[in-house]
Amino acid sequence: MNAYTTSTGEAVQFWILGTVAVIGALCTVLMKRAVHSALSLAGTMIILAVFYLANGAYFLGVVQIIVYTGAIMMLFLFVVMLVGVTAADSLKETIKGQRWLALLCGLGFGVLLVGGIANASLKQFDGTGQANANGNVEGLAALIFTKYVFAFELTGALLITAAIGAMVLTHRERTERARTQRELAEQRVREGKHLPPLPAPGVYARHNAVDIAGLLPDGTPSDLTVSATLRERGQIRDVSARALGDLKALEQRAKDRLERTESEPVNLKRTEDASQ
């Protein structure tokens, strides 16, 4: 009878943690910053581990925390922090209509999921008491290597194939000698372009001066590309479109004033000749 009943503590735990898990999943998709999305997904995974532990699946709960949350998600988080993905990055779609296509696929998956759950029938529920009679680890191992051995081996083969495919795509055998830094510098000089090193990933820089900020994909300057000391001194040159427009207008006014100054002595000489 315990398998068919739910205590008050279990119900409170499910509704509170379930709500937080759903909110974390939605934040993973809706957050603008990639770091916040990764943190939200890590929180959802921790709540899933709590559900496993509460239902007696101690091995899965520990694996969920150590492997998925502690290793994989933290790896994703560190990669995002090192790459420096921010909300200022370009949000333009490279594939037209991909958001509508993703929404359509999500709705289709939701319809299939709801239909499968609605047609499911559960007449008898044994719980985890029988499976964990000799311990959770032994019960899980018995099910994996007996009843679900084919699915387990198929999943392992799929993961191994994916790992080998990633290695093949990233590894490339060289057919010629790698050029040295000196040879690369000489090539840049001969071609007459990109004489200094290229800017770091994530910025579009038109100058290599330390007092000019790099431009982000949307055209706004990034304060992270210049020294904080120069920022405090007010020695940073603005390279935005507005600043370039003001500089061009100033140069035009200076040019007009210079032309007017040069023409004034000529007009003055003509006036003196006419008076004589």
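Is F152 buried, exposed or partly exposed? F152 counts as partly exposed, at 40% relative accessibility. The legends below begin with the whole chain and then move to single sites. The model is predicted.

**Figure 1. The whole protein is built from nine helices and zero strands.**
Read along the sequence, the pattern is α-α-α-α-α-α-α-α-α. The protein has 276 residues, and buried residues make up 13% of them. About 22,700 Å² is exposed. Carbon and sulfur atoms supply 65% of that area. Take the contacts between residues at least 6 apart in sequence: 46% of them join residues at least 24 apart.

**Figure 2. F14 and F51 form a tilted aromatic pair.**
The count of aromatic pairs in the protein comes to three. In the pair of F14 and F51, the rings lie 6.1 Å centre to centre, with 40 degrees between the planes. This pair links distant parts of the chain. F14 sits in helix α1, which covers residues 8–30. F51 sits in helix α2, which covers residues 34–54. The two residues are 37 apart in the chain. F51 is buried, because its relative accessible area of 18% falls under 20%. F14 counts as partly exposed, because its 47% lies between the limits of 20% and 50%.

**Figure 3. F145 and F152 form an edge-to-face pair.**
The ring centres of F145 and F152 are 5.6 Å apart. Their planes stand at 70 degrees, so the pair is edge-to-face. The cut-off for that label is over 60 degrees. F145 is exposed, because its relative accessible area of 52% is over 50%. F152, at 40%, counts as partly exposed.

**Figure 4. One aromatic cluster holds F14, W15 and F51.**
This view returns to the pair of F14 and F51 and adds W15, a member of the cluster. Within the cluster, F14 is partly exposed, whereas F51 is buried.

**Figure 5. S40 is a buried residue in helix α2.**
How is S40 placed with respect to the backbone oxygen of H36? The side chain of S40 reaches that oxygen at 2.9 Å. S40 has a relative accessible area of 15%, so S40 counts as buried under the 20% limit. Leave aside the neighbours within four places in sequence, and S40 is in contact with G24, C27, T28 and M31. Helix α2 contains S40, and F51 of the tilted pair also lies in helix α2.

How values were computed
Residues numbered from 1 in each chain as written. Predicted model: local features only at pLDDT ≥ 70, side-chain atom pairs only at ≥ 80, totals over all residues. Heavy atoms only, no water. Phe/Tyr/Trp six-rings, centres within 6.5 Å; stacked < 30°, edge-to-face > 60°. Helix = DSSP H or I, 4+ residues; strand = E, 2+ residues; numbered from the N terminus. Buried < 20%, exposed > 50% of the residue type's maximum accessible area, 1.4 Å probe, protein only. Polar contact = N/O pair within 3.5 Å; in protein donor to acceptor, adjacent residues only side chain to side chain. Contact = heavy atoms within 4.5 Å. Areas by Shrake-Rupley, 256 points an atom, 1.4 Å probe, with all protein chains shown as cover.
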